Amino acid sequence: MKLPIYLDNHATTMCDPRVVEAMLPYFSESFGNAASRNHSFGWIAEEGVELARKQIADLIGANTKEIVFTSGATESNNLAIKGVVEMYAERGNHIITAATEHKAILDTCKHLEKQGVRVTYLPLQGSGLVDLEMLRDAITDKTILVSIMYANNEIGVIQNVSEIGRICKEKSVLFHTDGVQAVGKIPVNVIKDNIDIMSMTAHKMYGPKGVGALYVRRRNPRVQISAQMDGGGHERGMRSGTLNVPGIVGFGKAAELCGQLMESEMEKHRIMRDRLKVKLETALEETYINGTMDQRLPHNLNMSFAYVEGESLLMGINDIAVSSGSACTSATLEPSYVLKALGLGDDLAHTSIRFGIGRFNTDEEIDYVANKMIEVVNKLRELSPLWEMFKDGVDLSKVEWTAH
Ligand SMILES: *Cc1c(COP(=O)(O)O)cnc(C)c1O
């Protein structure tokens, strides 16, 4: 077993060696521009792109003409939301999203608010799920788009996507979902899930960084989006710019592999995740699972460890790569806004750890992580006056602290 252990697969995944192998020829002998129509260099590159388009479309139950390549999910989210707001401006100026969306959604919405678009940010239930009645009530005759992510990148909670899509259909409102954390990991089908527009990215599913896609429905209804990048009219005019052929080929191969491996990986990762969870819960008191376990990505565990200091915890486990809800890991000084939206206090948000299991993790690594976590949490608690008070039966919520 090699250290450090990578358990941050919601942030990015290693490019699968089979993906790298598929990409390599497109850097050298097959280097053509996929838009070159006059010679075989272009045709060969285009063939690579079209195979990838098919592989990605197949993974999500779409048609190849419904896949628009982008530079990643940040761009896909921007294109989806800004593209719909611009295209459907005559129909209305209201969009609905949730407080726990990725920043690429929230910041896009903030940007549009400055231009006069009205945005409703739905709160979440303690489980991490959107309240469907609340969503239904938020839709007005000015609403043009609902954007709710498929699965959350911090807590792994999977929304009732097909229900949300059904409500949107009923109300003739377009439904966009940020599918980044779900596509390739759990079954996603744009027809069954009633999805109109969906963002994806290769690097969260064992493909390369800097390449993504947007699914844009062509029938029932035919969705139109305004291009946000003007130029040569690539990608049916929705996204100009010379295609990243090696990246796209790698994305396609990654999608194909995810489709083939999905069932076995879901089972394997669920077992590893549950083993980690049980080990931690058995050995440690005062641990809290963030978000419901009932609807969750099989490879995600998000847990808070009360009575330890977040930063010290991270330092103690510095041979394990994980993310934390603690402020010190992010550019902003706020603890995780996702965990706070679930109703967590700052203290528990600060001591949360996100474990993201991936294709290349082993049982041995999981055991190492569990043992290390237990050792470090116990050690920190031994040094903690709060832990001592808690063990003495002091109700800490009733203690009056004095500032010095
Ligand atoms: C990583 C991520 C993104 C951003 O994707 P990039 O391809 O890195 O721009 C968007 N949404 C979610 C849910 C993510 O996890």
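Trainee: What volume does the second largest pocket have?
Mentor: A word on the source: this is a predicted model, where local features need pLDDT of at least 70, side-chain atom pairs count only at pLDDT 80 or more, and totals for chains, interfaces and linings use all residues. Residues are numbered from 1 along each chain as its sequence is written, and side-chain values use heavy atoms, without hydrogens and water. A pocket is an open set of points on a 1 Å grid over the protein atoms alone, with protein on both sides within 12 Å along at least five of seven lines. Counting the space filled by probe spheres set on such points, joined across faces, edges and corners, the second largest pocket comes to about 370 Å³.

Trainee: Which element gives the largest share of the lining of that second largest pocket?
Mentor: The lining (residues with an atom within 4 Å of a point) has 16 residues, and the closest to the centre are Ala 306, Tyr 307, Val 308, Asp 347 and Leu 386. Two elements give two or more residues to it, helix H8 (310-316) and helix H10 (346-350); helices (H or I, at least four residues) and strands (E, at least two) are DSSP runs, numbered from the N terminus. The largest share, 3 residues, belongs to H10.

Trainee: Tyr 307 has a positive phi; what is its value?
Mentor: You will find Tyr 307 in the loop between strand S10 (300-305) and H8. This residue is not a glycine, yet its phi is positive, near 65 degrees.

Trainee: Which other residue, in the loop between H7 and strand S9, can I look up?
Mentor: Look just before strand S9 (287-289), in the loop that follows H7. The residue there has a positive phi of about 55 degrees without being a glycine. It is partly exposed (from 20% to 50% relative accessible area, with buried under 20% and exposed over 50%; 1.4 Å probe, protein chains only), because its relative accessible area is 23%. The residue is Glu 286.

Trainee: Which strands are the edges of the sheet ordered S9-S10-S13-S12?
Mentor: This is an open sheet of 4 strands with antiparallel pairing; two strands pair if DSSP finds at least two bridges between them. S9 and S10 are joined by 3 bridges, and Ile 289 stands opposite Met 303 in S10. Each edge strand pairs on one side only, and here the edges are S9 and strand S12 (323-324).

Trainee: What angle does the direction of H7 make with that of S10?
Mentor: H7 packs on this sheet and touches S9, S10 and strand S13 (352-356), where contact means heavy atoms within 4.5 Å. Axes are lines fitted to C-alpha atoms, for helices over the stretch in contact, and angles between N-to-C directions run from 0 to 180 degrees. For H7 and S10 the angle is about 15 degrees.

Trainee: Which strands does helix H2 lie across in the sheet of 7 strands?
Mentor: That open sheet has the order S2-S8-S7-S6-S5-S3-S4, with mixed pairing. Its edges are strand S2 (67-70) and strand S4 (118-122), and neighbouring strands are turned by 20 degrees on average, direction ignored. H2 runs at about 115 degrees to S2. The strands that H2 lies across are S2, S7 and strand S8 (212-216).

Trainee: Which residue in S7 stands opposite Thr 177?
Mentor: Strand S6 (174-178) and strand S7 (197-201) pair in the parallel sense over 3 bridges. Helix H3 (73-87) lies across both, among other strands, at about 160 degrees to S7. Opposite Thr 177 you will find Met 198.

Trainee: How far apart in space are Asn 33 and Thr 242?
Mentor: Asn 33 is in the loop between helix H1 (17-23) and helix H2 (40-60). Leaving out residues up to four places away in sequence, it touches Gly 42, Ala 45 and Thr 242. Asn 33 and Thr 242 are 209 residues apart in sequence, but their C-alpha atoms are apart in space by 7.1 Å.

Trainee: What omega does the cis peptide bond between Asn 220 and Pro 221 have?
Mentor: Pro 221 lies in the loop between S8 and helix H7 (245-283). A cis peptide bond also joins Leu 3 and Pro 4. For Asn 220 and Pro 221, omega is about -5 degrees.

Notes: On a 1 Å grid over the protein atoms alone, a cavity is a set of points where a 1.4 Å probe fits but cannot get out, and a pocket is an open set with protein on both sides within 12 Å along at least five of seven lines; lining residues have an atom within 4 Å of a point.
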